[in-house]
Amino acid sequence: MATVELLGASMSYGPVPVLRDINLHVADGEFCVFVGPSGCGKSTLLRCIAGLETLSNGQVRIGGQDMTHAPAAARGVSLVFQSYALLPHLTVYDNLAFGLTLRRMPAAQVEEKIKAVAQVLQLTPLLQRKPKQLSGGQKQRVAIGRAMVREPGVFLFDEPLSNLDASLRVATRIEIARLHRDYGRASTLYVTHDQVEAMTLADRILLLHSGDDVQRWGSVAQIGTPMELFHHPRSRFVASFIGSTQMNFLAATLLHADAHTARLRLANAVELDADVDARRLAAGSSLTLGIRPEHTHLGANGQHLLGAVQWQERTGDSTELHVAWAAGSAPLVARASGLHSAQPGQRLAVTLPANQLHLFDEQGQALPRSVHIADLPLPVA
C-alpha cells in the first residue's frame, strides 16, 4: 500500500489554469473519488499522479516520496483507462501477462500471478479468448486484472464505467467495491462525472469546481465523506452537484436570526424558519434557501408552500412532483411515494421542515446549520 499526497498541485496549459492549488492526503487503503462536471480537471489531476502529465507547481508524493518529476514507470501505480486499452491480437492471458513480461518476470511466476487474479475476477474460463470475444463488462475486468497483477501501491481508475450500459454499470460498480474491500492492499483513486458512483464507492470525495465562476475552475470545492458533502455542503455549487435529483433553490430574504434559527421571507411573502445560524448577516440580506426533494413532505404538516402541480415524473419507487409555488420562480420539486399520482393543475401543500433547510449567502457560501444530524460528524474546516 502507499499514501498519495498532493501539495499545492497546480497545472496550466499555457496561460489557461486547469488545476489550482490542490492539497489532498489519501491514506493507505483508502478509496478516494475525484468528481465534478466535465472540464473541471479531474482526469488531468489523475494523469498528473500517474506521471502522464506534469504539474506546473506543487508536489505529488507517493508512499512518502516526492514523485513530482519521476517517470510513470517508477511511481508504483497502475492506471485503468476508460477505453480498456486491451491489445486486440492477444488473448486475455497474454494481455494480463504483457506488463510482467516486459519486466522479464519468470514465466512460472507470471502464470502464478495471472491464475490468482483470474480467479478473483472470474476470468479463468476466458483466458484463451481475445478481446473481440468479450462483453464490455468482461473487457473491463481484464483491464482491472492487468492493473492488479502488477501489485501496485496505488490503483488509478479514469472513468472506467462510462462505456457500459446502465445495468452493467451497476454490476461493475459493485464488483469494483468488492475488489477494493477483498483485495484492499492498495489505495484507490477513481475519477467519475457520475455523483451516484462517487457516493456509493468513496470513503472520501474530492469535488472540483467548474461552472460560471471561471476563476475557481479546477480548485477544490469540498473534500469529505459522501455524507458530509450530502448533509453539509459548503457552497451552493456542492449542494447542486451532490444529490439526485438536484436540490431545490428558492430566493429568500432574512428577517431576523439567532444562534439557532433564521426567519425568512420567500418570494410569495410566505415566512418560514430554518435551523441555521445566520447571525453574521444583517436583516434584509438576500439568501438562497435550499431543500432536497426527498426532505419535503406532502401536506400542510407545519411550515409549507401551496402550489399547483405542473407535471410529474414517475420512476416506479418514487414520484417527483414539480410544483409551481410563486410566479417567476422555478418549480419546487417534491418527492412522494411511487404510488402517488397527481394531475396537472392539482393544488397541494408541500411541507419544508426547518431542520432540513440549507441557507447560502450572496457569494454562494453555506451558512452553518444548527441542527444535529445523528451519527454524522460536522466536516472539519
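**A walk through the predicted model**

In this predicted model, the largest nonpolar core has 47 residues. Val33, Ile144, Tyr190, Leu207 and Ile242 touch the most other members. Helix α4, residues 136-148, gives this core its largest share, five residues. Apart from this core lies another, of 31 residues. Ile22, Ala50, Ile62 and Val154 are among its members.

Start at Val33. Leaving aside residues up to four places away in sequence, Val33 touches Tyr190 and Thr192. Its other contacts on that count are Ala198, Leu201, Ala202, Arg204, Ile205 and Leu206.

Turn next to α4. This helix has 13 residues and reaches 18 Å from its first C-alpha to its last. That is close to the 18 Å expected at 1.5 Å a residue. How much of α4 is covered? Most of it: 11 of the 13 residues are buried. Gly137 and Gln138 are buried, and so is the run Gln140, Arg141, Val142, Ala143, Ile144, Gly145, Arg146, Ala147 and Met148. Ile144 is also one of the core residues that touch the most other members. The cover over the buried residues of α4 includes strands β6 (77-80) and β7. It also includes helices α2 (92-102), α3 and α5.

Helix α5 comes next. It spans residues 166-182, 17 residues in total. From first C-alpha to last it reaches 25 Å, close to the 24 Å expected at 1.5 Å a residue. Its buried residues are Arg169, Thr172, Arg173, Glu175, Ile176, Leu179 and His180. Why do these residues line one face of the helix? Seen down the axis of α5, they fall within an arc of 165°, so they share one face. The face turned away from the buried side carries exposed residues: Ser167, Ile174 and Arg181. The buried residues of α5 pack against three helices, α3 (107-120), α4 and α6 (195-201). They also pack against the strands β3 (31-35), β7 (154-158) and β8 (187-192).

Now the sheet. Five strands form an open sheet in the order β15-β19-β16-β17-β18. The pairing is antiparallel. Which strands stand at the edges? They are β15 (297-298) and β18 (332-337). Each has a single partner strand, so one side of each is left without a neighbour in the sheet.

Strand β16 covers residues 304-314. It pairs with β19 (347-351) over five bridges, in the antiparallel sense. In that pairing, His304 has Thr351 of β19 as its bridge partner. Six bridges join β16 to β17 (318-324), and these two also run antiparallel. Here Trp311 is bridged to His322 of β17. β16 and β17 form a hairpin, with three residues between them. Gly316 sits in the turn, with a positive phi of about 105°.

The cysteines come next. How many disulfides are there? The count comes to zero. Cys40 is in no disulfide; its nearest cysteine sulfur, that of Cys32, is 13 Å away. Cys40 counts as buried, at 1% relative accessibility. Cys48 has its closest cysteine sulfur in Cys40, at 13 Å, which is too far for a bond. Cys48 also counts as buried, at 2% relative accessibility.

Last, the backbone. Most residues other than glycine have a negative phi, and most peptide bonds are trans. Three places depart from that pattern.

The peptide bond joining Ser244 and Thr245 is cis, with omega about 10°. Thr245 lies in the loop between α8 (236-241) and β11 (248-257).

Arg104 has a positive phi, near 60°. It lies in the loop between α2 and α3. Is Arg104 buried or exposed? Arg104 is exposed, with a relative accessible area of 76%.

Ala269 has a positive phi too, near 75°. Its place is the loop between β12 (262-266) and β13 (271-274). Ala269 is exposed, with a relative accessible area of 53%.

Definitions and conventions: Residues are numbered from 1 along each chain as its sequence is written. This is a predicted model: local features need pLDDT of at least 70, side-chain atom pairs count only at pLDDT 80 or more; totals for chains, interfaces and linings use all residues. Side-chain values use heavy atoms; hydrogens and water are left out. A nonpolar core is a set of buried Ala, Val, Leu, Ile, Met, Phe, Trp, Tyr and Cys residues joined through side-chain atoms within 4.5 Å. Buried means under 20% relative accessible area, exposed over 50%, partly exposed in between (1.4 Å probe, protein chains only). Helices (H or I, at least four residues) and strands (E, at least two) are DSSP runs, numbered from the N terminus. Contact means heavy atoms within 4.5 Å. A disulfide is a pair of cysteine sulfur atoms within 2.5 Å. Two strands pair if DSSP finds at least two bridges between them. The expected span of a helix is 1.5 Å times one less than its number of residues. The arc is that of the directions from the helix axis to the C-beta atoms.
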